[in-house]
Amino acid sequence: MRTATNRTLIALTAATGLSAPGIAAADQQTAYLSGGCFWCVEADFEKVGGVGDVISGFAGGTTPDPTYGASGDHIEAAKVPFDDSEVSYRQIYDMFLRSIDPFDSGGQFCDRGLEYTTAIYVESAAQREAAEAAIAAAEQELGREVVTPVRDFDRFYPVGAYHQDYYKSQDRIAFSSVGLAVPKEVAYERYREGCGRDQRVRQIWGDDAPFVGEAGS
């Protein structure tokens with residue numbers, strides 16, 4: 001059973017907006033996140049103030065040079081660069097957990113299997129501490145165990161250009177499961193709605209879901 005509304009997350013959600021065009025090198029940090037479909041993680045976090053150009057790709061496995069459709073034991077992931085003078089690792093992790101189903105160890109929403117499971121990848125003890133604190137807070141709020149693991153970061157492999165910025169691309173797809181000759185942007189919106197991502201996140205997190213609603217998909 002959920003506890004009282006998380007006021008910190010609501011305030012953080014209200015502060016989200018278009019990402020800054022650039023991040024000063026001295027302030028840039030990077031988070032690596034697996035939250036199911038990498039298009040969705042990219043689309044969500046590029047709405048956050050202080051976050052730069054999010055890159056879709058793969059992480060977590062040992063298969064050399066993974067590609068879309070041949071990712072081996074890797075998981076879809078996103079590289080999230082951000083300005084830590086505007087947003088912190090802890091805030092990134094808090095938002096991330098509230099953008100996924102943290103109870104599902106078999107995939108996310110309609111996407112099933114290892115490739116679509118969740119993870120937070122960390123490169124330092126401080127990042128691990130922030131991630132574990134975010135998970136503990138989520139468990140306290142929800143009253144259930146969060147199955148999203150915190151893993152040591154090894155390497156990130158960007159996916160090909162076709163999949164970058166998919167959610168906002170006007171390039172048309174000749175044939176797809178969601179229509180013929182539709183822009184990627186439209187195909188993404190139809191996919192996200194059909195997959196039930198926002199509905200499930202809203203069911204779990206309610207008003208604490210930072211990317212659901214008018215500012216969501």
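Student: In which helix of this model does D198 lie?

Tutor: In this model, which is a predicted one, D198 lies in helix α6, the helix that spans residues 197-205.

Student: Why is D198 called buried?

Tutor: The relative accessible area of D198 is 10%, and a residue counts as buried when that value is under 20%, so D198 meets the criterion and is called buried.

Student: What separates the C-alpha atoms of D198 and F109?

Tutor: Although D198 and F109 are 89 residues apart along the chain, their C-alpha atoms are separated by 9.3 Å.

Student: How do you describe two packed helices?

Tutor: One gives the angle between their axes together with the distance between the axes. For helix α2 (residues 38-45) and helix α5 (residues 184-195), the axes come within 11 Å and cross at roughly 105°.

Student: Why are α2 and α5 called roughly perpendicular?

Tutor: Their axes cross at roughly 105°, and angles of 65 to 115 degrees count as roughly perpendicular, so α2 and α5 are described in that way.

Student: Which residues make the contact of α2 with α5, and how do they divide into nonpolar, polar and charged?

Tutor: From α2 come W39, C40, A43 and D44, which meet Y188, Y191 and R192 of α5; the residues of this contact divide into 5 nonpolar, no polar and 2 charged.

Student: How many helices and strands does the protein chain have, and what share of its residues counts as buried?

Tutor: The protein chain has 6 helices and 10 strands, and of its 217 residues 50% count as buried.

Conventions:
Residues numbered from 1 in each chain as written. Predicted model: local features only at pLDDT ≥ 70, side-chain atom pairs only at ≥ 80, totals over all residues. Heavy atoms only, no water. Helix = DSSP H or I, 4+ residues; strand = E, 2+ residues; numbered from the N terminus. Buried < 20%, exposed > 50% of the residue type's maximum accessible area, 1.4 Å probe, protein only. Axes fitted to C-alpha atoms, helices over the stretch in contact; angles between N-to-C directions. Parallel < 35°, antiparallel > 145°, perpendicular 65-115°, else oblique. Contact = heavy atoms within 4.5 Å. Nonpolar A, V, L, I, M, F, W, Y, C, P; charged D, E, K, R; others polar.
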